[in-house]
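Good morning, colleagues. Please look at the model on the screen while I speak about one helix pair and the cavities beside it.

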Amino acid sequence: MTESSHESHENVPSRQRRRFPGISSRAYEHPADRSALVALRKLTGFDTVFKALSGLLPERSLRLLFLSDSVRVSDAQFTHLNSMLRDACYILDLEKVPPMYVNQDPQPNAMCIGLDEPIIVVTTGLVELLDEEEMRAVVGHEVGHALSGHAVYRTILLFLTNLALKVAWIPLGNVAIMAIVTALREWFRKSELSADRAGLLVGQDLRASMRGLMKIAGGNHLHEMNVDAFLAQADEYEKGGDLRDSVLKILNVLPRSHPFTTVRAAELKKWSETRDYQRIMDGHYPRRDEDKDTSVSDAFKESASHYADSVRGSKDPLMKLVGDIAGGAGDLGGKLRDKFTGQGGGAGGTGKGGATDGSQGSTSPEDPEQGPREPGSAGS
């Protein structure tokens with residue numbers, strides 16, 4: 001039976017952390033998460049698939065599988081994880097504590113799945129890799145998924161990914177499925193940014209969140225790693241290379257369910273330094289009882305504003321070019337051709353090949369520095 005987080009809070013660790021009564025998931029959800037979910041729901045055929053799978057997915061079987069072949073976290077088993085779970089639910093004011101299981105798997109990972117009610121699963125590889133405060137951030141990450149209602153879409157993604165593999169041999173059999181899987185992956189990568197923020201709200205220790213992400217990327221070798229150098233990798237990844245590298249970045253991330261780890265770390269650190277984060281820590285945040293009064297159009301505006309700011313401030317060559325074009329600097333097709341062929345078109349060029357003497361044009365328009373980037377079950 002699922003217990004109340006309030007009834008079981010007497011056993012949580014003694015360290016005092018801020019609590020957020022009635023907090024809405026809107027407080028920490030990344031604008032890209034919400035906009036990607038809206039886009040997913042508008043995908044042709046998604047509603048049909050969603051309704052069908054909601055009735056067909058063997059959720060009871062899923063729960064029995066973990067109950068029979070994993071270890072359920074409780075007062076008697078993995079008690080330190082049980083305390084972290086209760087603490088996370090208490091801090092984010094999640095009324096029911098989701099069942100949590102530890103599954104034997106050397107790959108560090110965690111996930112929140114389930115259609116009717118969420119289940120949290122962490123692997124032994126993750127439990128053995130992280131210290132207490134790092135693990136607390138991961139548990140908070142998964143509780144954030146539960147509060148945001150992400151579990152149902154994650155479950156469908158897992159099912160469809162498996163189904164796509166089974167029907168891949170049928171001509172065109174998996175085309176429609178893969179279209180939905182691709183859209184689900186795009187949303188889930190964005191949802192990881194939101195859940196990372198929830199993990200920080202629960203752990204309230206940015207250094208622990210950074211350490212956990214570094215360990216997921218490089219293993220249990222913290223003495224060989226450095227947070228500043230790790231974050232510098234994310235900066236180099238975003239702004240490095242040319243347009244060909246920008247396209248390769250897109251292709252590399254498409255098959256992934258999680259964003260790249262350095263990018264997650266940089267995005268989380270950036271959010272921790274914002275006024276929005278500080279206001280939440282000061283007790284000023286959206287409440288669940290206000291959710292019904294929220295405007296969909298306001299969410300669209302916020303997402304649009306976020307993407308506009310991202311394009312304007314991005315160091316990525318492709319995003320800089322998009323920003324340049326949006327600013328009326330010229331013809332997109334011509335500029336893309338010039339960039340890929342190495343020909344410079346000059347400001348206000350005709351877009352028909354640019355210089356013919358072999359000289360290179362400007363490879364990136366000047367733009368303001370940096371903006372947010374884009375969000376893994378540990379994975380998480």
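At what angle do the axes of helix α6 and helix α9 cross? The model is predicted, with local features requiring pLDDT of at least 70 and side-chain atom pairs pLDDT 80 or more, while totals for chains, interfaces and linings use all residues. Residues are numbered from 1 along each chain as its sequence is written, and side-chain values use heavy atoms, without hydrogens and water.

The axes of α6 (residues 132–148) and α9 (residues 206–218) cross at roughly 90° and come within 8 Å. Axes here are lines fitted to C-alpha atoms, over the stretch in contact for helices, with angles from 0 to 180 degrees between N-to-C directions. Helices are DSSP runs of H or I with at least four residues, numbered from the N terminus. The two helices are therefore roughly perpendicular, a term for angles of 65 to 115 degrees.

Which residues meet? E133, E134 and A137 of α6 contact A208, S209, R211, G212 and K215 of α9, where contact means heavy atoms within 4.5 Å.

Turning to cavities, these are sets of points on a 1 Å grid over the protein atoms alone where a 1.4 Å probe fits but cannot get out, and lining residues have an atom within 4 Å of a point. The largest has a volume of about 130 Å³, volume being the space filled by probe spheres set on the points. Among its 14 lining residues, A137, V138, D196, S209 and L213 are the closest to its centre. The second largest cavity holds about 30 Å³. Its lining includes E133, A137, A208 and S209, and α8 gives the largest share, three residues.

How values were computed: Angles under 35 degrees count as roughly parallel, over 145 as roughly antiparallel, 65 to 115 as roughly perpendicular and the rest as oblique. On a 1 Å grid over the protein atoms alone, a cavity is a set of points where a 1.4 Å probe fits but cannot get out, and a pocket is an open set with protein on both sides within 12 Å along at least five of seven lines; lining residues have an atom within 4 Å of a point.
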